[in-house]
Each structure stands twice: as structure tokens, then as C-alpha cells.
Amino acid sequence: MLRRWQTFSLLLASSLLPSFSLAGPAFENTAIVRSIELGGSLVHVTTTYAVKALEPGQTIYHIALGKDEKEKTSWVEAKVKGQTRPLEIVDLGERETRDVHEFAVTLPKKLAVNGTINIVLETSQTHATHPYPAYAAQTDPQLLKYDTDLFVLSPYTTLVQRTKVKSPSADIPSHSTPDGIDEFVGEASVTKSGATITYGPYHNVGTSTTEFLSKYQQPVSVHYNYGHPVLEITKLRRAAEISHWGSNLNVEDKIDLHNAGPVLKGQFSRLEYQSQNYFGRVSPHILSGLTLHLPPGVTSAYFYDLNGNVSTSHLRRVPSVPKGSKAVQYSILEMRPRYPLFGGWNYSFTLGFDTPLQDSASWDAANGRYIVGVPVMTYVPGSVVDEAEIKIILPEGATTISTHVSYKVPLSAHLKKPIALANAHALYRYYLDYTESPDMRLRVANFSFDLASRMIVQYKRFGYVQTFQRDGELTGHVGILFVLVTGCRRIEAKTYDPCCSI
């Protein structure tokens, strides 16, 4: 009987958990400020929560995202304001009845009654904007539209909150004006100052219950001018090969690039494009060139597309940076595609280069292992990667392999999970290899350069005997061939005829 009552109580608690999660009286938000930095394919959102504890000993603070915002978000990270160390964050999943997605943030210390703390939540949104209008002529400007919810969701009451939407330019043709929220408005519901649209301040905002959301929550949009191409990498395939014999790290990228700006209206005019290019007034939705950041010390860079080699590129190489140096330097590759890339157009190309292995590798003498840091992708400004596969080919005979990806806190399977490490190995045997060369593969979706920057690989190599075994075998094969050729030269191949002898 006791076991039955325990089972019943657990079922009752689990069924009521969604109802309790949005009604927690443990905290109060004295202020919420959300800053949205608009861009092209990427939008960065920073939300600051000024929190006051209403009950003693509280260590878990809940954060909520709306359904639409959840669909656009690729990663989240929470910190205490003024600190760099991220807080532990747990994905609680979606509350189906309210279209709310919740996270539990563990505070660094317990808060007493009326204790305060400022929590900063950073999120990155991908594919959050769309061209409006969807079609543009060759000389038209590029206008984008961004949609979001008016109120910041929270399971706690909020004394005051505001949302600041920052556009890259002050050219904002239109923005939404909310209605039906007079009871929260002090002075004005929305104001514009330069390139910033401010919604609020709104006072005494209630918890994000179903009743509140259905009555007051509403979408707002900002229509703005964006002066750069909206780029998306639909597929990235990177192969990085580690070679100890050549002390070299070879990297090759196969990139499928897409211009997500407004689709070209009408026919392409080469004369009009050349005229725009001559006067330096190329429309922002036209991609005429790319400036890529390559590692320092890069050599043997090449760039070609499906038709062959593309010579319209220039590399500005910088020397390798000593280890431990805080200087940040890049080799700059200026490349021009074979044709200008308009909205809706695609361009596939291959980029490759070599870097000195000592710039990215180190030796762990305590464990007898090599540690190599391999960049996950080449930085393409303002781009988002829809799908990627990074393959790292290890040296011949590498064993005891372990990997670690340096990236920001990902979302769980309830959202679009940006990082997925594949444990499957493949073995390669190259010319004159004695043993196979293993590889590690990283499959990534919906991420940007800021999310995942480096993949750390640790491995052991075979000993001195195996190291020189290939040289010994090669020397032995050459020696056997030499002996065979020498023996064949000493064999009399002529036919002896006794009749011809005297």
C-alpha cells in the first residue's frame, strides 16, 4: 500500500510540474533589459535580469523563451554581470500548453531574502531576418525585416522591462507600434533614437501565464536597411590532415555559399554592374568579393571552383605568432568569385592552405601524447553554417585518440542542437604507409564561427621501432631489387650453338 501511495504521489507531482514552473514566487525581477543587435543571417541578443530573492536559500533561477524565439536560437549562455565564467544552465524543455521553453540557471551562491544579482543571458539567433521586399532590382537597396515578441517572458513578476533593437544603420523605414498595453506604459510605448528602437519601459509586467500571453503578448517588427550581403553556408566540408613527417597541417574546405538577400528582379545587366563597380556604388545585396581570415604562417593557399582555378585572389600573409603571445593576427585572403553573387544565387568553391604544425601542436610529456588544435571553420564574415562535416585525418599509426570541441553552451535536443560529435572512425592507407591513418569526424548544424572555434585532438604515436620500420622496409625492398637486377645482369641470356664453335 505504501508503494502505491509513493507511485501516486510521483505521478501527481510530475503532472503538476508544468503548472508550478511558471508560478514560482521565489524571485522578483526588478528590471529586465533586452538588447537586440540586428545583422544579416545572425542576430545577437543580450538580456539582463536584475533579480531579487523573495525567499531565503534560493539557488535556481528560471528563464523562459517563446516558441518563435526558441526556433531561431542556436545557443544560449548565462553569466553573472561583470564575470566571464558561464553559469550552469539546464534545458527543462517546452511547456506545451503555453508555448514556452524554460531553462534553469544555477546561481553561484545562495541568496538571502531581498538579496540581488544581475544575470546576463546571451543568445545567438540564426535565420532570424528575411528580405522585405523579397525581390529587388540590381540597383535597389537591401531591406530586411526582423520579428520578435514584445514582452520578455519570465515565470516571475517584473517591475520594469524594456527592449532595445539596434539596427546597423539609422535608415529604418518602419517599425511596429504596440497597442492594448496602456496599463503597462508610463510615457511612450515605443521611441526611436537614431539607429535604436526602444520598446518600453513597461511597468508591473505579470508572469508569463497563458492568460497574460493571450491578452497582451504581440509580435513587433523592425524594417531596416542592411548594407552587407546576407550570407549562408549551406554545406561545409573541411578535411584537415596532420603530418608529422612534413611538420604540416593541411586544410581543405569545400564550401557551398548562398546569398540569402532579396532575389534579383529582372535580368542581370553586366554593363550596369560594371558601372556600379567603377563608381564604387555596388548594391549591398550583391556579393562581389570576400575577405577571409586565415591562420598566421599560412602557405600554399589555393582557390578554385567547379570550372577550375580562379586567379582573382590575393593573399596577405603574416608570420607565425609565438606560442603564449596574446597578439591576434590573421593572414588575409581577398578573393573574388567567378561571377557576382546576387540574392538567391549559389556559389561552390574549394579553398585550401598549409600551416606549420608547430603553430597548433604541443607535446604532453607527462602522458606521452600529442595535442593538436584544429580550427573548425574559416571565418566568413556574417555567415551562418547550416550543415558541416569536419574530418581530421590523424598521422599514421595514431592510437589512444580523444577529442574535445571548444564551443559555447549548446541547446539540448529540444532545440536545434548545434554540435554533434561522431565517434565513427575511418581508416586510410596512403602510398608507402605501413599502418592505417585514422580520422575523427565532427558533424555540425546551425552554428557560426563564434559558436565553435577549435577542435582539440589528443593521440599517441607508435614507438621508435615502428617509426623506422617503414624506412627499413623501403630500404629492404630497394636492396632486393638491386640484388635481382645485379643477378639478372650476370646471367648469360645468349643461345650457345656448338656447330659454330671451332
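# Briefing: pockets, strands and two buried loop residues

Strands β20 and β21 make a hairpin, with 2 residues between them. Please keep in mind that this is a predicted model. Below you will find that hairpin and its partners, a sheet of 3 strands, the largest pocket at about 860 Å³, the second largest pocket at about 550 Å³, and a look at His 285 and Ser 208, both of which sit in loops.

**The hairpin and its other partner**

- Within the hairpin, β20 and β21 (residues 308-309) pair in the antiparallel sense over 2 bridges.
- Tyr 304 is the residue that stands opposite Asn 309 of β21.
- β20 (residues 299-305) is also joined to β24 by 5 bridges, and these two strands run antiparallel.
- Here Tyr 302 stands opposite Gly 352, a residue of β24.

**An open sheet of 3 strands**

- This open sheet has the strand order β3-β6-β5, and its pairing is antiparallel.
- β3 (58-66) and β5 (89-95) are the edge strands, each of them pairing on one side only.
- On average, neighbouring strands of the sheet are turned by 30 degrees against each other, direction ignored.
- Antiparallel pairing between β3 and β6 (residues 100-111) extends over 8 bridges.
- Ile 63 has Phe 103 of β6 as its bridge partner.
- As general background, strands of a sheet pair through backbone hydrogen bonds, in either a parallel or an antiparallel way.

**The largest pocket**

- The largest pocket has a volume of about 860 Å³, and 33 residues line it.
- Pro 295, Pro 296, Asp 359, Pro 375 and Arg 454 are the lining residues that lie nearest its centre.
- Two or more residues of the lining come from each of β17 (248-259), β19 (290-294), β24 (346-356), β25 (361-364), β26 (369-375) and β31 (452-460).
- Sorted by class, the lining holds 18 nonpolar, 11 polar and 4 charged residues.

**The second largest pocket**

- For the second largest pocket, the volume is about 550 Å³ and the lining comprises 28 residues.
- Nearest the centre of this pocket lie Tyr 226, Tyr 379, Pro 381, Gly 382 and Ser 383.
- The elements that give two or more residues to this lining are β2 (42-53) and β19.
- β2 gives the most to the lining, with 3 residues.
- By class, the second largest pocket is lined by 13 nonpolar, 12 polar and 3 charged residues.

**Two loop residues to look at**

- His 285 belongs to the loop between α4 (270-279) and β19.
- Is His 285 buried or exposed? His 285 has a relative accessible area of 0%, so it is buried.
- Leaving aside neighbours within four places in sequence, the contacts of His 285 include Ala 136, Ala 137, Gln 138, Asp 140, Pro 141 and Gln 142.
- Other contacts of His 285 are Asn 259, Pro 262, Leu 341, Phe 342 and Gly 343.
- Ser 208 lies in the loop between β14 (196-205) and α3 (210-216).
- Ser 208 counts as buried because its relative accessibility is 2%, which is under the 20% cut-off.
- Which distance separates the C-alpha atoms of Ser 208 and Ser 154? They are 5.7 Å from each other, while the two residues are 54 residues apart along the chain.

Technical notes: Residues are numbered from 1 along each chain as its sequence is written. This is a predicted model: local features need pLDDT of at least 70, side-chain atom pairs count only at pLDDT 80 or more; totals for chains, interfaces and linings use all residues. Side-chain values use heavy atoms; hydrogens and water are left out. On a 1 Å grid over the protein atoms alone, a cavity is a set of points where a 1.4 Å probe fits but cannot get out, and a pocket is an open set with protein on both sides within 12 Å along at least five of seven lines; lining residues have an atom within 4 Å of a point. Grid points are joined across faces, edges and corners, and a volume is the space filled by probe spheres set on the points. Helices (H or I, at least four residues) and strands (E, at least two) are DSSP runs, numbered from the N terminus. Ala, Val, Leu, Ile, Met, Phe, Trp, Tyr, Cys and Pro count as nonpolar, Asp, Glu, Lys and Arg as charged, and the others, Gly among them, as polar. Two strands pair if DSSP finds at least two bridges between them. Axes are lines fitted to C-alpha atoms, for helices over the stretch in contact, and angles run from 0 to 180 degrees between N-to-C directions. Buried means under 20% relative accessible area, exposed over 50%, partly exposed in between (1.4 Å probe, protein chains only). Contact means heavy atoms within 4.5 Å.
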